[in-house]
Amino acid sequence: VDPRVVPPRSEKKKAAASSHRQITELFDEALWESGEHRETILSASALIGMHPDQATEPIVSLALSLGKPFAVVPCCVFPRESARRRQVGAGPAGDLVVTYPEFVDYLQERHASMQRSCL
């Protein structure tokens, strides 16, 4: 038994909807440049990507460029689509980022203050 007063489900949904916004479009540089979601992004207190697929790197890049806090839970690496990603210190040109651990390392190399946690 939970002694707390719990609002009806519809009130919970309204409260949640007003406290955050979700962009359900391809999140890439073109989205930011189009300006359609610019105000939403600028007014956000943080950028969050939960299993964001190809949006992982654009979320990190945009958050860093705007100086916003962010959190991403990366998923797929997509090495064929992102052949420009290279590991640091892996030779003159660097080896291609192909595994999940390499992808997380690559993302974390973007800024010295980035932190990593396991859920």
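**Entry 1: Arg85**

I started with Arg85 and listed its contacts (heavy atoms within 4.5 Å). Leaving aside neighbours within four places in sequence, Arg85 touches Glu57, Val77, Phe78, Asp95, Leu96, Val97, Phe103 and Tyr106. Arg85 sits in the loop between strand 2 and helix 5. I found it buried, at a relative accessible area of 5%. For the record, buried is under 20% relative accessible area, exposed is over 50%, and partly exposed is in between, with a 1.4 Å probe and protein chains only. The areas come from the Shrake-Rupley method with a 1.4 Å probe, and for residues only the protein chains shown count as cover.

Notes on the source: this is a predicted model, where local features need pLDDT of at least 70, side-chain atom pairs count only at pLDDT 80 or more, and totals for chains, interfaces and linings use all residues. Residues are numbered from 1 along each chain as its sequence is written, and side-chain values use heavy atoms, with hydrogens and water left out.

**Entry 2: Arg84**

Next I looked up Arg84, in the loop between strand 2 (70-73) and helix 5. Is Arg84 buried or exposed? Arg84 is exposed, with a relative accessible area of 57%. I also checked Arg84 against Asp95: they are 11 residues apart in sequence and 10.0 Å apart in space, C-alpha to C-alpha.

**Entry 3: the whole chain**

I stepped back to the overall layout. The chain has five helices and two strands, in the order α-α-α-β-α-β-α along the sequence. Helices (H or I, at least four residues) and strands (E, at least two) are DSSP runs, numbered from the N terminus. Of the 119 residues in the chain, 27% are buried. I get about 8600 Å² of exposed surface for the chain, with carbon and sulfur atoms supplying 54% of it. Among contacts with a separation of 6 or more, 35% are between residues 24 or more positions apart.

**Entry 4: helix 5**

Which residues of helix 5 are buried? In helix 5 (residues 100-108) I noted Phe103, Val104, Tyr106 and Leu107. Seen down the axis of helix 5, these buried residues fall within an arc of 160 degrees, so they line one face of the helix. The arc is taken from the directions from the helix axis to the C-beta atoms. A reminder to myself: an α-helix has 3.6 residues a turn, so residues three or four places apart point the same way. Helix 4 (56-66) is among what covers the buried residues of helix 5.

**Entry 5: helix 4 and Thr56**

I then went through helix 4, where Thr56, Glu57, Pro58, Ile59, Val60, Leu62 and Ala63 are buried. Their cover includes helix 2 (29-34), helix 3 (38-43), strand 1, strand 2 and helix 5. I singled out Thr56, which belongs to helix 4 and is buried at a relative accessible area of 0%. Beyond its neighbours within four places in sequence, Thr56 is in contact with Val72, Pro74, Phe103 and Leu107. After helix 4 comes Gly67, with a positive phi near 70 degrees.

**Entry 6: positive phi outside glycine**

Most residues other than glycine have a negative phi. I logged Asp53, which is not a glycine but has a positive phi of about 50 degrees. Asp53 is in the loop between strand 1 (47-50) and helix 4, and is partly exposed at a relative accessible area of 28%. I logged Phe78 too, with a positive phi near 55 degrees. Phe78 lies in the loop between strand 2 and helix 5, is partly exposed at a relative accessible area of 23%, and appears in the contact list of Arg85.

**Entry 7: second largest pocket**

How much space lies in the second largest pocket? I have about 520 Å³. The pocket has 17 lining residues, and Val72, Pro74, Gln115, Arg116 and Ser117 lie nearest its centre. Strand 2 and helix 5 each supply at least two lining residues, and helix 5 gives the most, with five. The lining divides into 13 nonpolar, three polar and one charged.

Pocket criteria: on a 1 Å grid over the protein atoms alone, a pocket is an open set of points where a 1.4 Å probe fits, with protein on both sides within 12 Å along at least five of seven lines, and lining residues have an atom within 4 Å of a point. The volume is the space filled by probe spheres set on the points. Asp, Glu, Lys and Arg count as charged, Ala, Val, Leu, Ile, Met, Phe, Trp, Tyr, Cys and Pro as nonpolar, and the others, Gly among them, as polar.
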